[in-house]
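Here are some notes to read with the structure open beside you. Take them one at a time, and find each residue as you go.

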Amino acid sequence: MGHGSDWDVHEGCEKHRENHNSVAHRTKVGRGNLLRMKPATNLLETASTVMTTAEARGTWNELAAMDLIVVTAHRSPDGDAVGSVLALTHHLREAGLNAEAVLPDRFPRNLNWLPGAEIIHFFDETPDSTTEILERADLIWCLDFNGPGRTGEMETTLVNSSAKKWVVDHHQFPEDFADHLFSDPACGSTCELVFDLIAGWGRLGLISQETAVCAYTGIMTDTGSFRFSSVSAHTHLVLSYLVGLGIDHAQIHEQTFDQRSLNQVQLEGHALSDKLHTWMDPGVAFIVLDLDTLERFNYQPGDTEGVVNRALALEGIRVAIFAKESKGGIFKISFRSVGDISVRDIAAEHFEGGGHRNAAGGIYRASSSQALIDHVESNVRNWFPNP
Ligand code: 5GP
Ligand code: MN
């Protein structure tokens with residue numbers, strides 16, 4: 001993007017120009033100059049190339065003729081899934097369209113405060129009425145997932161619905177199930193892509209506070225609070241636009257990350273002090289929590305979110321693996337890595353899962369947490385020979 005056009009910071013220095021004609025002075029940005037910046041009028045210039053404006057506008061025109069539009073995301077929805085579903089649903093409803101938000105199951109309670117959280121239909125809680133909505137829909141927006149299997153129990157209903165499926169997603173290797181595919185695996189979040197879509201519709205000026213708050217939250221949670229390598233200059237332009245709308249970003253962080261229960265904090269402490277296994281060569285950390293432990297700390301969904309990143313923060317650790325037992329001898333596994341090490345491949349090949357290069361997930365069937373520890377112990381050097 002040519003910085004001279006959209007972000008013209010020269011004006012404010014005009015009065016100094018005669019005395020201080022150096023380049024440094026003419027381009028210096030202070031708070032006064034920032035206030036004089038023209039708004040970024042063409043955010044799409046730096047946006048993902050998967051979506052042309054013409055294509056985006058085409059989808060908008062089609063929406064007008066639809067009686068019911070559903071917006072959905074993957075099971076065990078995270079901040080990006082819930083945020084993108086709510087952001088898009090709000091925006092469609094505000095345009096006078098009939099839109100319903102549907103999720104396969106409930107999201108972590110630290111997201112309960114999201115504006116509009118109460119309008120979501122959960123497939124596992126109200127299967128009959130949610131099935132009816134999915135069957136009646138003309139269109140199902142599939143956000144933040146690359147294949148119908150990621151919707152768990154909802155998969156059959158989703159696939160069998162005669163509704164068109166339009167996908168907006170940032171996972172690698174999307175499956176062939178979409179009538180329209182807006183996919184950019186280089187993008188840090190689906191919320192950023194939803195924002196770009198709204199920009200492509202020419203509707204940036206119509207983004208409401210509710211949409212902005214939901215989109216900001218999803219970008220924040222999927223980028224580790226704007227720190228992962230997937231964050232781009234464009235991500236920050238989008239954030240700048242959203243913050244410019246007057247949303248309370250400090251409160252969003254606070255409500256999402258700083259309202260943890262004592263049980264939750266103590267479970268994390270226990271996981272790190274008593275349940276952590278490390279292999280400093282090749283730099284892998286592994287934590288497994290069995291059902292007894294989870295019950296001891298009155299585990300609630302979402303309580304262990306972030307534990308895997310604590311393990312990854314250890315000096316010398318390049319891969320962190322977090323496993324949590326669920327009923328029926330199934331362990332849900334989260335993988336995180338830094339740099340070029342792809343945990344997606346390990347998750348896909350050995351744990352019936354997938355995801356992104358640096359953040360992936362899957363499952364493992366084992367009779368006990370010790371069996372899983374033994375499995376990791378005997379394979380870890382093959383999976384990560386030379387990280
Ligand atoms: P988390 O560890 O936060 O549950 O998941 C991290 C990422 O891994 C998710 O954003 C998603 O892309 C991917 N992921 C997690 N679980 C699964 C799974 O069971 N299957 C697939 N294909 N991907 C998963
Ligand atoms: Mn996502």
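1. Start with helix α8, which spans residues 190–200 and is mostly covered: 11 of its 11 residues are buried. Click through them and you will meet T190, C191, E192, L193, V194, F195, D196, L197, I198, A199 and G200. Notice that the buried set includes E192 and D196 as well as L193, V194 and F195. Just past the end of α8, G202 takes a positive phi of about 75°.

2. Before going further, keep in mind that this is a predicted model. The average pLDDT over the chain is 89, and 88% of the residues score at least 70. The part to treat with care is residues 1–41, where pLDDT stays under 50. For that stretch the model has 30 contacts beyond four places in sequence.

3. Now for the overall picture. The chain has 387 residues, and buried ones make up 40% of them. You can count 16 helices and 12 strands. Of the contacts with a separation of 6 or more, 66% are between residues 24 or more positions apart.

4. Next, look for the open sheet. Six strands form it, in the order β7-β8-β9-β10-β12-β11, and the pairing is mixed. Its edge strands are β7 (276–279) and β11, each of which pairs on one side only. As background, strands of a sheet pair through backbone hydrogen bonds, either parallel or antiparallel.

5. Stay at the β7 edge for a moment. β7 pairs with β8 (residues 284–289) in the antiparallel sense, over four bridges. If you want one pair to find, the bridge partner of L276 is I287 in β8. In the loop between these two strands sits P282. The peptide bond joining D281 and P282 is cis, with omega of about 25°.

6. Which strand does β10 join through seven bridges? For β10 (residues 330–337) it is β12, and the two run antiparallel. R336 stands opposite A359 of β12. β12 also pairs with β11, again in the antiparallel sense, over two bridges. There, G355 has A360 in β12 as its bridge partner. A hairpin of three residues connects β11 to β12.

7. Is β12 enclosed or open? Five of its seven residues are buried, so β12 is largely enclosed by the rest of the structure.

8. That brings us to ligand 1. The residues surrounding it are D78, R150, H171, S334, G353, G354, G355, H356, A359, A360, G361 and G362. You have already met A359 as the residue opposite R336, and A360 as the partner of G355. β11 (354–355) and β12 (359–365) each supply at least two residues of the shell, and β12 gives the largest share, four residues.

9. What classes of residue make up the shell around ligand 1? There are two nonpolar, eight polar and two charged residues. The shell also draws on two domains: domain 2 (45–257) and domain 3 (262–383) each contribute at least three residues.

10. Go back along the chain to E153, in the loop between β4 (139–143) and α7 (155–160). Is E153 buried or exposed? E153 has 12 other C-beta atoms within 10 Å, so this residue counts as exposed. Leaving aside neighbours within four places in sequence, E153 is in contact with P104, F123 and D124. For a distance to try yourself, the C-alpha atoms of E153 and P127 are separated by 9.7 Å, with the two residues 26 apart along the chain.

11. Last stop: the loop between α9 (209–222) and α10 (233–244), where you will find S225. F226 lies in the loop between α9 and α10 too. What is worth checking here is the backbone. S225 has a positive phi near 60° without being a glycine, and F226, not a glycine either, has a positive phi of about 70°. S225 is partly exposed because 13 C-beta neighbours lie inside 10 Å. F226 is likewise partly exposed, with 13 C-beta neighbours inside 10 Å.

Technical notes
Residues are numbered from 1 along each chain as its sequence is written. Chains are lettered from A and ligands numbered from 1 in the order in which they are written. This is a predicted model: local features need pLDDT of at least 70, side-chain atom pairs count only at pLDDT 80 or more; totals for chains, interfaces and linings use all residues. A residue is near a molecule or strand if its C-beta atom, placed from the backbone, lies within 6 Å of it. Ala, Val, Leu, Ile, Met, Phe, Trp, Tyr, Cys and Pro count as nonpolar, Asp, Glu, Lys and Arg as charged, and the others, Gly among them, as polar. Domain bounds come from an automatic or database domain assignment. A residue is buried if 20 or more other C-beta atoms lie within 10 Å of its own, exposed if 12 or fewer, and partly exposed in between; C-beta atoms are placed from the backbone. Two strands pair if DSSP finds at least two bridges between them. pLDDT is the predictor's confidence in each residue, from 0 to 100. Two residues are in contact if their C-beta atoms, placed from the backbone, lie within 7 Å.
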